[in-house]
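Subject: Handover of a protein structure

Dear colleague,

Please find the structure below, together with its sequence. An account of what was found in it follows, and I hope it will serve you as an introduction.

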Amino acid sequence: MLDPVSVKLNADELIKSALKEDISNEDVSTNAVLKGYKKGKADLICKQDGVICGLYVFERVFKILDENADVKFFVKEGEKVAKSQHIAEITGDMRVILQGERTALNFLQRMSGIATYTNAVASLLAGSKTKLLDTRKTTPNMRIFEKYAVKVGGGNNHRYNLSDGVMLKDNHIGAAGGIKNAVKAAKEYSSFVRKIEVETETLAEVKEALEAGADIIMLDNMSVEDMTAAVKLIGGRALTECSGNVTKENISKIIATGVDYVSSGALTHSAPILDVSLKNLHPVEER
């Protein structure tokens with residue numbers, strides 16, 4: 001979870017990089033209208049219904065710029081929020097609020113959008129044994145934030161990166177000279193604690209992967225009829241994952257096949273942002 005401690009340990013450098021991208025030298029607009037420190041306050045307003053995600057990251061943007069910045073939240077991470085809802089207020093140096101505004105909102109909007117979209121898809125799987133997975137189809141340098149948002153939205157994470165597990169896709173299989181050779185090589189090279197997943201596109205490949213000892217068999221871009229036959233053929237001897245052609249319209253049929261997991265790259269590469277805005281910045285009296 002991206003709590004305050006893990007944000008500092010794992011995400012600070014990425015947040016700083018985003019800030020450097022937005023402030024290469026100085027914030028000319030802010031420096032033009034504010035010649036020095038002036039305490040102020042602004043409101044964080046949600047502009048549409050959704051699931052809020054990334055609150056700690058939002059706060060950390062301002063804390064990196066000024067440890068004295070104070071963010072007060074009126075919602076909790078993962079809560080559903082509504083249009084026009086006042087979800088937070090930030091108090092501190094108005095220069096810092098202005099300088100960090102866009103970067104903080106970019107993180108919050110993107111993460112909340114993914115959590116919202118994931119929540120909508122996960123709700124379609126409610127009551128079934130089938131679990132929703134993300135993929136590595138993430139924005140460069142945003143994976144830690146985007147995969148976290150999937151979890152907040154009710155989905156599950158597939159492997160985080162190439163070092164996490166063995167997934168033998170079509171090109172790996174082609175390079176090895178077939179599924180049997182690829183699985184054999186993976187078993188010889190990889191630690192016994194790592195599961196081996198094999199991508200298949202036909203029932204013949206499913207049978208070959210099963211006989212080779214795959215732990216997980218991905219049913220890639222198969223018809224519902226072929227997936228049903230594949231799950232029956234596997235018979236619980238390996239976990240099953242459906243990938244490709246997953247839509248809201250056909251997901252009920254996919255669930256009916258009995259597949260264990262459904263993976264969707266759309267959770268991270270196609271989720272629209274959740275619109276949130278920082279409004280009403282105004283000076284406040286020092287106490």
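With which residue does Lys129 form a salt bridge, and how far apart are the closest N and O atoms? The partner is Asp260, and the closest N and O atoms are 3.1 Å apart. Lys129 lies in the loop between helix 4 (94–124) and strand 6 (131–133), while Asp260 lies in the loop between helix 10 (251–256) and strand 11 (261–263), so the pair ties together parts that are 131 residues apart in sequence. Lys129 is exposed, at 53% relative accessibility, whereas Asp260 is buried, with a relative accessible area of 16%.

Please keep in mind that this is a predicted model.

Overall view

The secondary structure of the protein comprises 11 helices and 12 strands. Along the principal axes, the C-alpha atoms fill a box of roughly 75 × 35 × 25 Å. Of the 287 residues in the protein, 48% are buried. If one takes the contacts between residues at least 6 apart in sequence, 70% of them join residues at least 24 apart.

Other salt bridges

The count of salt bridges comes to 11. One of them joins Lys47 and Asp275, with the closest N and O atoms 3.9 Å apart. Lys47 is in the loop between strand 1 (39–46) and strand 2 (50–51), and Asp275 is in the loop between helix 11 (266–269) and strand 12, so this pair ties together parts that are 228 residues apart in sequence. Lys47 is partly exposed, at 39% relative accessibility, and Asp275 is partly exposed as well, at 26%.

Another salt bridge is formed by Lys147 and Asp134, whose closest N and O atoms are 2.7 Å apart. Lys147 belongs to helix 5, whereas Asp134 is in the loop between strand 6 and helix 5, 13 residues apart in the chain. Lys147 is buried, with a relative accessible area of 2%, and Asp134 is buried too, at 0% relative accessibility. In addition, salt bridges that share partners join Asp12, Arg60 and Glu67 into one network.

A buried arginine in helix 5

Arg143 is located in helix 5 (residues 143–152). What is the nearest side chain of opposite charge to Arg143? That side chain is Glu146, at 7.0 Å, and Arg143 is buried yet has no salt bridge. Arg143 does have polar partners. Its side chain makes a polar contact of 2.9 Å with the side chain of Thr138. A polar atom of the Arg143 side chain also lies 3.0 Å from the backbone oxygen of Tyr160. Apart from its neighbours within four places in sequence, Arg143 is in contact with Arg136, Thr138, Tyr148, Tyr160 and Asn161.

The two sides of helix 7

Helix 7 covers residues 179–189, and its buried residues are Ile179, Ala182, Val183 and Ala186. Why do these residues lie on the same side of helix 7? They do so because they cover an arc of only 95° around the axis. On the other side of helix 7, Lys180 and Glu188 are exposed. The buried residues of helix 7 pack against strand 7 (166–168), helix 6 (170–176), strand 8 (196–200) and helix 8 (203–212).

Cysteines

A disulfide is a covalent bond between the sulfur atoms of two cysteines. In this model the count of disulfides comes to 0. Cys53 is in no disulfide, and the nearest cysteine sulfur, that of Cys46, is 13 Å away. Cys53 is buried, at 0% relative accessibility. Cys242 is also buried, with a relative accessible area of 1%.

Two asparagines with a positive phi

Most residues other than glycine have a negative phi. Asn221, although it is not a glycine, has a positive phi of about 55°. Asn221 is in the loop between strand 9 (216–220) and helix 9 (224–234), and it is partly exposed, with a relative accessible area of 45%. Asn280 is not a glycine either, and has a positive phi of about 60°. Asn280 is found in strand 12, which covers residues 276–283.

With kind regards

Methods: Residues are numbered from 1 along each chain as its sequence is written. This is a predicted model: local features need pLDDT of at least 70, side-chain atom pairs count only at pLDDT 80 or more; totals for chains, interfaces and linings use all residues. Side-chain values use heavy atoms; hydrogens and water are left out. Buried means under 20% relative accessible area, exposed over 50%, partly exposed in between (1.4 Å probe, protein chains only). Helices (H or I, at least four residues) and strands (E, at least two) are DSSP runs, numbered from the N terminus. The arc is that of the directions from the helix axis to the C-beta atoms. Contact means heavy atoms within 4.5 Å. Lys and Arg count as positive and Asp and Glu as negative; His and the chain ends are not counted. A salt bridge is a side-chain nitrogen of Lys or Arg within 4 Å of a carboxyl oxygen of Asp or Glu. A polar contact is a pair of N or O atoms within 3.5 Å; within protein, one must be able to donate a hydrogen and the other to accept it, and residues adjacent in sequence count only if both atoms are side-chain atoms. A disulfide is a pair of cysteine sulfur atoms within 2.5 Å.
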